[in-house]
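Hi,

Here is the structure I promised to send over. Have a look at it first, and my notes follow below.

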Amino acid sequence: MKVSDYILQRLREWDVDHVFSYAGDGINGLLAAWGRADNKPKFVQARHEEMAAFEAVGYAKFSGKVGVCAATSGPGAVHLLNGLYDAKLDHVPMVAIVGQTNRTAMGGSYQQEVDLLSLYKDVASDFCEMVTVPEQLPNVIDRAMRTAYARRSVTAIIIPADVQELDYTPPAHAFKMVPSSLGMAQYAPVPAAAEITKAAEVLNAGEKVAILIGQGARGARAEVEELADVLGAGVAKALLGKDALPDDLPYVTGAIGLLGTRPSYELMQDCDTLLVVGSSFPYTQFMPELDQARAVQIDIDPHMIGMRYPFEVNLVGDAKETLKALLPQLKRKKHGAWRKKIEKDTARWWEVMERRAAVEADPVNPEYVVHALDALLPNDVILAADSGSAANWYARHLRMRGTMRGSLSGTLATMGPGVPYVIGAKFAHPGRPALAIVGDGAMQMNGMAELITAAKYWQEWEDPRLIVAVLNNQDLNQVTWEMRAMSGAPQFLPSQAIPDVPYADFARSIGLDGVRVEKPGEVESAWHRALGADRPFVIDFRTDPAVPPIPPHASLDQIEAAAAAIAKGDSDRAGMIRQGFKAKVQEMLPGGHRHGDAPESRGGADS
């Protein structure tokens, strides 16, 4: 048995069933071992190492297992980095296996020689090791897997090409040998009883309780529902926790933050008590004023506790087990004016979303595209949104229910993971439909090539449905609007305008299916066609770049700045866009229209 054979054997023993990768001579030994191992674990060939990493992230996010990716030395290892940082920042367990030049060539400025230990020192800061002799295995693999699981982080194993070809010899019962063992027991830490009591005292004293949950609360759905009922609270969700609690519960206010909802914004503005469960949501300005609320945080990671807000009690523990210990000490609150206001605000928000989706646009309103999808989604669908304005509509218009899952690049907010995420999801759950909502910029950057990966593998999936919805507005739209609203600058066409590409035609050219939609009346039928397709399907929606992704905290001054920027740079469309603002801003902005009141602005709604 060679070292490369043993590596694959040990991965199988860790229940690794897929490795996302791209070939290169720095891992030739491993590739040969895959051939000898009858392709177990399955080698999934991406079109680019960054896409392999993203697919492994998607696999890990939607399976709960460690994602494993592999790449050759030099450029292959470099290409993995963006996907690995996406995993690191979103706390996704990942193991990267990368090749290196032969030990005899190290330090000789050899072809594709990169100092990988230095390069990976940050992204794999919890564990990054180079294997130089066979006896280092199995300890290095076991520690990489165990650390990735335990710390929800990225680890890396660097294996020189000549080491891969050596005969495997296990560590001996001898000095300076490190034997190892498989497996990692499940555990769920719970804070000390005295800390639980302190937290209960804070929550019991509050009259207007707000709860903010993130992905760390995903395994505690029943406990969070009971918690909200006992405290008469509303629940807002960080985007990584969008699927942690269903949106059809009347007290769930939806997403929080720049891409969030108005009821989530008002929940935080008006509460006197805050409980954060399993979230490191970074934007303090969307939380209560710093002296407004008494606050408690629950997080399993002591490194992430106590940040973002002056919490009175910080509980380090598993969300589910900590809430189980906390709930018996909480006093039931009456569902009075506070809870009724939350539910009324949330119901009105969905009415506003319906009206925003109905606003006319040229040619199609992107909000209508996503809003029309909401009611059609299968209850077991897996969703991904790419970074950009597509993430706004994913955050605001799609309601999680049933066993739906969804994610995006939450912390790195990198462009391009939408399509590889759902490809990774299909390998984790081949019997479930998957759907990605991506902008045309992200589709051109990464998505088109990765359709080739879908074309290569889709016939292996029990449910062949993988839908890619491209919001094609020929504009890098999120940055365009950020320039307008935050800088008062007009659209800079050389940087923002991108070519129109026939995405559906490309899909059909490689054996998939697709359709282009250029009229609002074609939207629903396109969704029905895609959801009923017998193979991956691309919908090319020609959407209007003039529909603004207005954040819930935006001021009318910012809207005035945006309108002025449009008038400076887009004079041919300024009149139409300004008129559209009336409907789009209606009931959305603090200080704007509220239930038909006059706008509180020097220039009125038109500005």
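**What I found**

Of the 607 residues in the protein chain, 58% count as buried. Bear in mind that this is a predicted model.

On the overall build: the chain carries 22 helices and 18 strands. Its radius of gyration is 25 Å, which agrees with the value near 25 Å that a compact globule of 607 residues would have. Along the principal axes, the C-alpha atoms fill a box of roughly 80 × 65 × 45 Å. Contacts tell you something about the fold too: counting those with a separation of 6 or more, 74% are between residues 24 or more positions apart.

Now the surface and the charges. About 23000 Å² of the protein chain is exposed, and carbon and sulfur atoms supply 52% of that area. There are 75 negative side chains and 61 positive ones, and the centres of the two sets lie 3 Å apart.

One helix to look at is H3, which covers residues 49-63. From first C-alpha to last, this 15-residue helix reaches 21 Å, close to the 21 Å expected at 1.5 Å a residue. Is H3 mostly enclosed or open to the outside? Residues under 20% relative accessible area count as buried, and 14 of the 15 in H3 are, so the helix is largely enclosed by the rest of the structure. Right after H3 comes Gly64, with a positive phi near 80 degrees.

Happy to talk it over whenever suits you.

Cheers

Note on methods. Residues are numbered from 1 along each chain as its sequence is written. This is a predicted model: local features need pLDDT of at least 70, side-chain atom pairs count only at pLDDT 80 or more; totals for chains, interfaces and linings use all residues. Side-chain values use heavy atoms; hydrogens and water are left out. Helices (H or I, at least four residues) and strands (E, at least two) are DSSP runs, numbered from the N terminus. The radius of gyration is taken over C-alpha atoms; the globule rule is 2.2 Å times the number of residues to the power 0.38. Buried means under 20% relative accessible area, exposed over 50%, partly exposed in between (1.4 Å probe, protein chains only). Contact means heavy atoms within 4.5 Å. Accessible areas come from the Shrake-Rupley method with a 1.4 Å probe; for residues, only the protein chains shown count as cover. Lys and Arg count as positive and Asp and Glu as negative; His and the chain ends are not counted. The place of a charge is taken as NZ of Lys, CZ of Arg, CG of Asp or CD of Glu. The expected span of a helix is 1.5 Å times one less than its number of residues.
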